[in-house]
Amino acid sequence: MNTDYAYCSGVTCPIRNKCKRYLPDPPDMPLWWIPPAYKEKLKECPDFEPKNK
């Protein structure tokens, strides 16, 4: 796993279900957690990475 990849822990982020950075059930390994970066004014997140389903 790439350890410098930061996952989003923003449970209140309105686009978390569309973002692959958000992990509701992270694997059992050390992760670096970051706060949500969603900007309400802009209605976007600079770190958004869409899930591929």
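**Exercise 1. Get an overview of the chain.**

Work out what share of the 53 residues in the protein is buried.

*Solution.* Start with the cut-offs: buried means under 20% relative accessible area, exposed means over 50%, and partly exposed is in between (1.4 Å probe, protein chains only). By that rule, buried residues make up 25% of the 53 residues. Before going on, know what you're looking at: this is a predicted model, where local features need pLDDT of at least 70, side-chain atom pairs count only at pLDDT 80 or more, and totals for chains, interfaces and linings use all residues. Residues are numbered from 1 along each chain as its sequence is written, and side-chain values use heavy atoms, with hydrogens and water left out.

Next, the secondary structure: there are zero helices and two strands. These are DSSP runs numbered from the N terminus, with helices being H or I of at least four residues and strands E of at least two. Strand 1 covers 7-8, and strand 2 covers 33-34.

Last, look at contacts, meaning heavy atoms within 4.5 Å. Of those with a separation of 6 or more, 56% link residues 24 or more positions apart.

**Exercise 2. Explain why Cys-8 and Cys-13 form no bond with each other.**

*Solution.* Recall that a disulfide is a covalent bond between the sulfur atoms of two cysteines. Here the test is a pair of cysteine sulfur atoms within 2.5 Å. Now check the distance: the closest cysteine sulfur to that of Cys-8 is in Cys-13, 5.6 Å away, so it's too far for a bond. Turn it around and the closest sulfur to that of Cys-13 is in Cys-8. The structure as a whole holds zero disulfides. As for accessibility, Cys-8 is buried at 9%, and Cys-13 is buried at 8%.

**Exercise 3. Find the residues of the largest nonpolar core.**

*Solution.* You need buried Ala, Val, Leu, Ile, Met, Phe, Trp, Tyr and Cys residues joined through side-chain atoms within 4.5 Å. The search gives five residues: Cys-13, Ile-15, Ala-37, Tyr-38 and Cys-45. Zoom in on Cys-45, which sits in the segment after strand 2 and is buried at 15% relative accessibility. Leaving out residues up to four places away in sequence, Cys-45 touches Ile-15, Ala-37 and Tyr-38. With the same neighbours left out, Cys-13 touches Pro-36 and Tyr-38. Cys-45 and Cys-13 are 32 residues apart along the chain, with 9.2 Å between their C-alpha atoms.

**Exercise 4. Sort the lining of the largest cavity into nonpolar, polar and charged residues.**

*Solution.* First, sort out the classes: Ala, Val, Leu, Ile, Met, Phe, Trp, Tyr, Cys and Pro count as nonpolar, Asp, Glu, Lys and Arg as charged, and the others, Gly among them, as polar. Next, read off the lining, which includes Cys-8, Cys-13, Arg-16, Arg-21, Tyr-22, Asp-47 and Phe-48. The full count comes to nine nonpolar, no polar and three charged.

**Exercise 5. Is Lys-43 buried or exposed? And what about Lys-20?**

*Solution.* Lys-43 has 54% relative accessibility, so it counts as exposed. Lys-43 lies in the segment after strand 2, and its phi is near 60°, a positive value in a residue other than glycine. Lys-20 comes to 42%, so it is partly exposed. Lys-20 belongs to the loop between strand 1 and strand 2. Lys-20 and Lys-51 are 31 residues apart in sequence, yet 4.7 Å apart in space, C-alpha to C-alpha.

Key
1 Å grid on protein atoms, 1.4 Å probe; cavity = no way out; pocket = protein on both sides within 12 Å on 5 of 7 lines; lining within 4 Å.
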